[in-house]
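Student: I should like to learn how to read the features of a protein model. May we work through one together?
Tutor: Certainly; let us place it before us and begin.

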Amino acid sequence: MLLNPKGAKEMKKNVLIVLSYVLVAALACGATLFFVSASTDYNKLEDLENLILTSFAGDADKTKIEDAAADAMVNAMGDRWSYYIPAAELPSFLENSENAYVGIGVTVQATDDNSGLMVIAVQPGGPAEEAGVQVGDVIIQVDGESAQDRTVTEISAMIKGEEGTVVSITVLRSGEGLTMSMTRKRMETTVASSKLLNEHVGLVTIQNFDERCADETIAAIKTLLNQGADMLLFDVRNNPGGYVDELTKVLDYLLPEGNLIRTVGTDGSDETVTSDADCVKVPMAVLVNENTYSAAELFAVDLSEYGVARIFGQKTSGKGFFQQVFQFSDGSAAGISVGRYYTSQGNNLEGIGLTPDEEIKLDDESEALLYNGMLEPENDAQLQAALSYLMDKVVTP
C-alpha cells in the first residue's frame, strides 16, 4: 500500500478538442456532415481515438494520444494524489520506490551559468568514485554530448542507462577537462542517516518511507544510542512518504503498545495496525515542513499524539488518502486513491495537515540548501530550535 505521491509527477498535459473549427471549415467548403447515432456499447474515447487515427490529415501518435487522454481522465477526478504514469516512465518510478537506480553514483546540482552539473557528493563504492570523479567537478559532457543549457533531469537521464553499459563523462576540474569512462551499475541510495549533534542529541534524517526505510532507520537509531545519545531528533522535511509497512515498523520500534494507523479502503477493508509494548524511552523532536507528506506526516503525528515528541518547522501538506498502483497491458500505470488513513487517535489529515508545536520558517536560501542536502546544522533555524528544546531537558548533576 502506498502512502505517498512519490513519482506522482504533476504532468501539465492538456488535450484540446476544437470541434467548432472542424464544423466551420466543413461548412465553408460545402461539405456534408453525417451524424451517426450511438450504439448501446458506445465508447466515446475509443471512437474519438479511431476518428483521429483514421481521419486526421496530419501525423497522429497513438501513444501520445492515449497517454494524454489517460492523464486527463485521472486529473479530472480532482484528486491531487492520484496520478498517471506513461510506460516510458514506469521503470524510473519503480526504481525510486526501491530506493535504487542504475547509474554512476553521484549527486549533482545545476551550475549558476548552466554550463553543466556540479558534483556535490560521490557515493562510496560507485563507478564514479572508482573512476576518480571528485566533489566540485562539473560535468560538461556525457558521451561527447554537451551538457550546457540542459536541465538536471535531462543530463541525469543521459548518465543513467542499462546496468553493465559504459558511459563516458567529461568533467571540468580546476579549468582542465578530464574524460573518464565507467560502467553503470545498480546503486542503492541511503534512506536514513545518523549524526551525533552533541554528546546528548542524535539526528536521524529519513529521506522517505520506501523500501529499506525501517531497517536503515532502526539501525541509525541504534547507532546513535550506542554512541551515547540520550535524545533523538528526527528530520522528515521534504520526505514524500512511502509504504505503510515501512512506517509501522519504525513506529512500532519507537512507541509503546497501542494503535498506530487505521486504513479504510473503498473495497470495504478496515484495518488497524498496533504496536507492542517495547519502545525507545528518550526525549524526541521532529522536524517537518510543507513538503512533508503522507507517511512522513503520520510518523510525526503519531509521535506527537503519544506525547513522546515535540514538532518543529512548518505546517505539513495534509494528505489523508492512500494509493494503489494499477498497471496496464501497455506498460503504463495509474496510482489511484483507494482509501483513507487515520492516525493513532483516529484523525484524518486530508486537507488539514499537521501544525507544528513551534512554527519556524526558513528563508529562501536556507530552504534551497536544505533541499539539496547542503544546509549545515548551525545555520538551520528549525533544527536549532528543536535542539534548544531537547537540551533544556538535560539533567545536570
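Student: Is Glu350 buried, partly exposed or exposed?

Tutor: A residue is judged by its relative accessible area, and between 20% and 50% it is called partly exposed. Glu350 is partly exposed because its relative accessible area is 21%. Please keep in mind that this is a predicted model.

Student: With which side chain does Glu350 meet in a salt bridge?

Tutor: The general idea is that side chains of opposite charge can pair when their charged atoms come close. Here the partner of Glu350 is Arg80, with a distance of 3.9 Å from N to O. Glu350 belongs to the loop between strand E18 (333–342) and strand E19 (358–359), and Arg80 to the loop between H3 and strand E1 (83–85), so the salt bridge ties together parts that are 270 residues apart in sequence. Arg80 is also partly exposed, at 46% relative accessibility.

Student: Which residues does Gly351 contact, once its neighbours within four places in sequence are left aside?

Tutor: Gly351 is then in contact with Arg80 and Gly318. Gly351 lies in the loop between E18 and E19, and at 58% relative accessibility it counts as exposed. One may also compare positions along the chain with positions in space: Gly351 and Lys319 are 32 residues apart along the chain, and their C-alpha atoms are separated by 6.4 Å.

Student: Where do the two partners of the salt bridge between Glu358 and Arg310 lie?

Tutor: The closest N and O atoms of this pair are 3.3 Å apart. Glu358 is in strand E19 and Arg310 is in strand E16 (residues 309–313), so the pair ties together parts that are 48 residues apart in sequence. As for accessibility, Glu358 is partly exposed at 30%, and Arg310 is partly exposed at 28%.

Student: How many residues apart are Glu66 and Lys62, and in which helix do they lie?

Tutor: Both belong to helix H3 (residues 62–75), and they are four residues apart, about one turn of the helix. These two residues form a salt bridge, with 2.7 Å between the closest N and O atoms. Glu66 counts as partly exposed at 29% relative accessibility, and Lys62 counts as partly exposed at 44%.

Student: Which residues are linked with Lys62 and Glu66 in a network of salt bridges?

Tutor: Glu49 is linked with them in that network. A search of the whole structure finds 13 salt bridges.

Student: How should I read the packing of helix H2 and H3, and at what angle do their axes cross?

Tutor: Two quantities describe such a pair, the separation of the axes and the angle between them. The axes of helix H2 (residues 44–55) and H3 come within 11 Å and cross at roughly 150 degrees. Angles over 145 degrees count as roughly antiparallel, so H2 is roughly antiparallel to H3. Their crossing is right-handed. In the contact, Leu45, Glu49, Ile52 and Leu53 of H2 meet Lys62, Ile65, Glu66 and Met73 of H3. Glu49, Lys62 and Glu66 thus appear both in this contact and in the salt-bridge network.

Student: Are helix H8 and helix H9 roughly parallel or roughly antiparallel?

Tutor: Helix H8 (residues 244–254) and helix H9 (residues 294–305) have axes 10 Å apart and pack at an angle of about 15 degrees. Because angles under 35 degrees count as roughly parallel, H8 is roughly parallel to H9. This crossing, too, is right-handed. From H8 the contact involves Leu247, Val250, Leu251 and Leu254, and from H9 it involves Ala295, Leu298, Phe299, Asp302 and Leu303.

Student: Which residues of H8 are buried, and what covers them?

Tutor: The buried residues of H8 are Val244, Glu246, Leu247, Thr248, Val250, Leu251 and Leu254. Their cover includes helix H7 (213–226), strand E12 (231–235), strand E13 (258–265), strand E14 (270–275), strand E15 (284–288) and H9.

Student: To conclude, how many helices and strands does the protein have, and what percentage of its residues is buried?

Tutor: The protein has eleven helices and 19 strands. Of its 397 residues, 43% are buried. Among contacts between residues at least 6 apart in sequence, 67% join residues at least 24 apart. The accessible surface comes to about 20900 Å², and 50% of it belongs to carbon and sulfur atoms.

Definitions and conventions. Residues are numbered from 1 along each chain as its sequence is written. This is a predicted model: local features need pLDDT of at least 70, side-chain atom pairs count only at pLDDT 80 or more; totals for chains, interfaces and linings use all residues. Side-chain values use heavy atoms; hydrogens and water are left out. Helices (H or I, at least four residues) and strands (E, at least two) are DSSP runs, numbered from the N terminus. Buried means under 20% relative accessible area, exposed over 50%, partly exposed in between (1.4 Å probe, protein chains only). Contact means heavy atoms within 4.5 Å. Accessible areas come from the Shrake-Rupley method with a 1.4 Å probe; for residues, only the protein chains shown count as cover. A salt bridge is a side-chain nitrogen of Lys or Arg within 4 Å of a carboxyl oxygen of Asp or Glu. Axes are lines fitted to C-alpha atoms, for helices over the stretch in contact, and angles run from 0 to 180 degrees between N-to-C directions. Angles under 35 degrees count as roughly parallel, over 145 as roughly antiparallel, 65 to 115 as roughly perpendicular and the rest as oblique. A crossing is left-handed if the near helix is turned anticlockwise from the far one by less than a right angle, and right-handed if clockwise.
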